Amino acid sequence: MAQVCTIAWIHGMVQGVGFRYSTQHEAQRLGLTGYARNLDDGSVEVLACGDAEAVNKLIAWLKAGGPRSARVDRVLTEPHQPGKEWTRFDIRY
């Protein structure tokens, strides 16, 4: 099983709707590490590391709209080589 990291930027109505917490729950369910954090431009940044199939499932979940209360307009992703190894999936502030 290949271990990968992908960073994603989610745009739309994704702040103030429990997006980071729902993403954390989904990532933990999939056994991923990384983080979710709000950005100043109103988007959310997600770093997901783990089994390639599980990372792809999280990205698909994000692109499908994430939690019901959110509205996702666009998800941009790219492979990422983090400067540190993540041991769990955190919410960053």
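1. Let's start with helix H1, since a good part of this predicted model can be read from there. Its buried residues are Phe-19, Arg-20, Thr-23, Gln-24, Glu-26 and Ala-27. An α-helix makes a turn every 3.6 residues, so positions three or four apart point the same way. Keep that in mind when you look at the numbering of the buried set, where Phe-19, Thr-23 and Ala-27 are among the members.

2. What covers those buried residues? The cover includes strands S1, S2 (33–38), S3, S4 (71–79) and S5 (89–92), along with helix H2 (52–63). If you colour the view by element, these are the ones to pick out around H1.

3. Thr-23 is a handy residue to click on. This threonine belongs to H1, which spans residues 19–29, and its relative accessibility is 0%, so it counts as buried. Leaving aside residues up to four places away in sequence, Thr-23 touches Ala-36, Val-46, Leu-58, Trp-61, Leu-62 and Phe-89. Try Asp-90 too: 67 residues separate it from Thr-23 in sequence, yet the two C-alpha atoms are 9.8 Å apart.

4. Just past the end of H1, have a look at Gly-31. The backbone there takes a positive phi, at about 75°.

5. Now step back to the whole chain. There are two helices and five strands, and from the N terminus they come in the order β-α-β-β-α-β-β. The radius of gyration is 12 Å, close to the 12 Å that the globule rule gives for 93 residues, so the chain is as compact as a globular protein of that length. Along the principal axes, the C-alpha atoms fill a box of roughly 35 × 25 × 20 Å.

6. How much of the chain is buried? Of its 93 residues, 45% fall in that class. The chain exposes about 5,400 Å², with 47% of that area supplied by carbon and sulfur atoms.

7. Contacts across the sequence deserve a comment. Taking contacts with a separation of 6 or more, 78% are between residues 24 or more positions apart. Ile-7 gives you a concrete case: Gln-81 lies 74 residues away in sequence, but their C-alpha atoms are 9.1 Å apart.

8. Staying with Ile-7, this residue sits in strand S1. Is it buried or exposed? It counts as buried, because its relative accessibility is 6%. Not counting residues up to four places away in sequence, Ile-7 touches Tyr-35, Glu-45, Val-46, Leu-47, Leu-76, Thr-77, Glu-78 and His-80. Val-46 is worth a second look, as it turns up in the contacts of Ile-7 and also in those of Thr-23.

9. The structure holds one disulfide. Such a link is a covalent bond between the sulfur atoms of two cysteines. Here the partners are Cys-5 and Cys-49, with their sulfur atoms 2.1 Å apart. The pair ties together distant parts of the chain, 44 residues apart: Cys-5 is in strand S1 (residues 3–13) and Cys-49 is in strand S3 (residues 44–51). The link is right-handed, with 120° about the S-S bond. Both of these cysteines are buried.

10. Last, the charges. The chain carries 11 positive and 10 negative ones, and the mean positions of the two groups are 5 Å apart.

Terms used:
Residues numbered from 1 in each chain as written. Predicted model: local features only at pLDDT ≥ 70, side-chain atom pairs only at ≥ 80, totals over all residues. Heavy atoms only, no water. Helix = DSSP H or I, 4+ residues; strand = E, 2+ residues; numbered from the N terminus. Rg over C-alpha atoms; globule rule 2.2 N^0.38 Å. Buried < 20%, exposed > 50% of the residue type's maximum accessible area, 1.4 Å probe, protein only. Contact = heavy atoms within 4.5 Å. Areas by Shrake-Rupley, 256 points an atom, 1.4 Å probe, with all protein chains shown as cover. Lys, Arg positive; Asp, Glu negative; His and termini not counted. Charge placed at Lys NZ, Arg CZ, Asp CG, Glu CD. Disulfide = S-S within 2.5 Å.
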